[in-house]
Amino acid sequence: MNFFETYKSENPDFGTDTFKCASETVTKLLQTATSSDHPGMLLGKVQSGKTRTFISILADAFDSGFDIAIVLSKNSKALIEQTVKRLDSEFKTFTDSGECEVYDVMNAPDSFNRFELQAKHIFIAKKQTHNLQRLIDLFHTKCPEMANMRTLIIDDEADNASVGYANKKGIIESTKIATQISELRGVIKNVSFLQVTATPYSLYLQPADIDVANVQTFHPTRPAFTSLVPVPAEYVGGDTYFGEKAATDAPSVERYIHHVVDHNELEILKGSDRRRFKIEEALTSPAIQSYRHAIATFITGGCIQILNAENEGQNTRNLRYSFLVHSEQAKDAHRHQESITTELSEQLAKAATEGGSIIEGLIRESYDDLSRSITLYSQPLPSFDDVLAKVIEALTGGYITIIKVNSDEQVASMLDKTGQLKLRTPLNIFIGGQVLDRGVTLANLTGFYYGRRPNRYQQDTVLQHSRMYGYRRKDLAVTRFYTSNAIRQTMFEMEEFDSSLRNSIEQSQKHGGDDSVQFIRRASNGTIVPCSPNKILIATTQTLRPFRRILPVGFQSGYKTTISATIDEIDHIIAQNGGFGANDPVSIPLATALELLTKIESTLHWDKTEDAPAFDWSAIRASLTHLAAQNPAGTGTVLLWAADNRKIARFRTLQGEQGFSDSPDTPKTEGAMARRCAIDEPILFLLRQNGEKDKGWRDTAFYWPVIQAQANTPTSIYTAEITDN
């Protein structure tokens, strides 16, 4: 039987790009020596179709001489069951005909005879000690003839547990799972290895070789090649949520997705404190204003979609939507959030039954919010009266289900036959934590209330929390994302990092490069050196690419009595280096630029009670040092341009929400100058603000610095992590 052609004919909706990617990847696996330390890489975006692509690869691989496939899955009962169900379903034609067998390795026979081995075999195993040991025993001792058969190992979610070594009191040791996977690869004589992930940072960062204390021969994994999972137009991902359109103040569907949550509200949802919030006041309390609006808008948006479908003559019985609350890991917090959500739902239903201004006002606010993006998206907008009637029907007619999910077992029991969380009613609100991350899919997710605030944001973890990504273009106009200012800014930085990595790989492949990206850090002696393994996972990073802007946001100026002398010193340096408002910037030594930044640092303050994005001055100085070193002339200089009498306000209001001003520069002035002059040197803009009290400042002048990278700089990812080697 021809596996690949049969599989393609059964899945015409996958698109030709998916099958082309699968064929090209199998060709690379056949032509490229994917040794144990240089596997192939299938790089996709979060919820972009990686699974269907690697299943397509399996089908083509079986036609191309591979006999056995091993799929390594995240250590999750829910995900292993989902993967087994998915592969059983996708390969049903082949299993029914006896051409292929699919096994959870923990339920597989202890050995196989010659007749059985004439069929293709797929073994699915969790990245867990007992699962991996059973695989090793199967290939090594119980059925050693299998070790001679051509085998493809597919490591799904490859950054999760597959790769790992830790520094324990100065001794680098391999983690148990990484050691077992390395051992498995060593047991099989003819093996190809393909890693599949959307968050590949640790994989690209590993050194070419590393000595680990607890294993004699440990092979770090770095990609021998990279295949990019195609991203069709229907996909909604980081570029939609945190790309250029979402970052500007101009009206757009992408910008309207975002709603800012007061960081104090996140604390209220963390645990009960009746001094701050009384649950019986859920319908009116200002303490949970954003959460109430989020729930009301989710219900309103779902009702709008249902009405539009009804008006088109569709059967809406199976039209169902989901909303996700993910702000805490602790189960106590989930119980508290469930109580608030249940109480709010009941009070909304009571208000709907009684009628009156409260329910009408809440739904009007949501309707007006959604109407802006629906209009921009050129979708039908039902009348407010029709929407209000449908919302009342939903609130009083059992349309809403609230589900707390905070265990792996719960997730496993709630998966439908497609491997997604089952949507029981038209409007489903899920409350949970870490279990609702990678691999778990929520269909038709149109609302996400996100508030995870770890001490250190890990790039891969936060992106895998982004369950709102996926094939959701048709519902984009009624989709909303709720988080705090600081978290939102962090996610913008992460998208910048993630897209820069993917773009760099794409450009490298087009021009015959080696798929490399510069990962750098600052060593303890102040020099810039290559980044050590896994450092880039934290979010204290700067993506350095041509014309990238770097600036502080969310600060307050110091008091006149404490900063005026420093401002005078900066004025003096600027007077000696081109003055204010010059036609062109001047080139200054890097040391002078760093001195200016250090002086400015002492004049700007952050209030810990405000929800401002973090700003690392050491990272900024190190980034500028790196950019200055890229000048082919070797001058190590920085362009400087200054302006005075600027009058920007500390806050700006957009869509009725207040946020910190983040654009002291303008594309027309500073942006144009950077593109005209910053070719081989970075440019430092120093914008002297008057700092008036009526603008939200402390009635004293201060400098707002903006750095822009030069045109001719390679894409680099800088982490502020400081180590001694």
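This passage describes the predicted model of one protein, from its overall make-up to two sheets and two single residues. In this predicted model, local features need a pLDDT of at least 70 and side-chain atom pairs count only at pLDDT 80 or more, whereas totals for chains, interfaces and linings use all residues. Residues are numbered from 1 along each chain as its sequence is written, and side-chain values use heavy atoms, with hydrogens and water left out.

The protein has 23 helices and 28 strands, where helices (H or I, at least four residues) and strands (E, at least two) are DSSP runs numbered from the N terminus. Of its 725 residues, 58% count as buried, a term that stands for under 20% relative accessible area, with exposed meaning over 50% and partly exposed in between (1.4 Å probe, protein chains only). Among contacts, that is, heavy atoms within 4.5 Å, between residues at least 6 apart in sequence, 78% join residues at least 24 apart.

One open sheet consists of 7 strands with parallel pairing, in the order S3-S4-S2-S5-S8-S1-S9, two strands being paired if DSSP finds at least two bridges between them. Its edges are formed by strand S3 (100-104) and strand S9 (225-228), each of which pairs on one side only. Neighbouring strands of this sheet are turned by 20 degrees against each other on average, direction ignored. Within the sheet, strand S5 (residues 151-156) runs parallel to strand S8 (residues 191-197) and is joined to S8 by 6 bridges, and Asp155 stands opposite Gln195 in S8. Helix H6 (residues 129-142) lies across strand S2 (68-73), S3, strand S4 (120-126) and S5, and runs at about 150 degrees to S4; for such angles, axes are lines fitted to C-alpha atoms, for helices over the stretch in contact, and the values run from 0 to 180 degrees between N-to-C directions. Helix H7 (residues 176-187) lies across S2, S5 and S8, at about 145 degrees to S8.

An open sheet of 5 strands shows mixed pairing and has the order S19-S27-S26-S23-S21. Strand S19 (549-550) and strand S21 (586-589) each have a single partner strand, so one side of each is left without a neighbour in the sheet. Strand S26 (residues 683-689) pairs with strand S27 (residues 702-708) in the antiparallel sense over 7 bridges, and the bridge partner of Leu687 in S27 is Trp704. Helix H20 (residues 560-576) lies across strand S23 (637-646), S26 and S27, running at about 50 degrees to S27, while helix H22 (residues 617-629) packs on the sheet by touching S19, S23 and S27, with its direction at about 45 degrees to that of S27.

Turning to single residues, Phe277 is placed in the loop between helix H12 (263-268) and helix H13 (289-311), and this residue is buried, with a relative accessible area of 5%. When residues up to four places away in sequence are not counted, Phe277 touches Ile268, Ala282, Ser285, Ala287, Ile288 and Ile340. Phe277 and Ala287 are 10 residues apart in sequence and 6.2 Å apart in space, C-alpha to C-alpha.

Glu495, by contrast, is placed in helix H19 (residues 485-510). With residues up to four places away in sequence not counted, Glu495 touches Gly238, Asp239 and Phe242, and the backbone nitrogen of Asp239 lies 3.4 Å from a polar atom of the Glu495 side chain.

Notes: A polar contact is a pair of N or O atoms within 3.5 Å; within protein, one must be able to donate a hydrogen and the other to accept it, and residues adjacent in sequence count only if both atoms are side-chain atoms.
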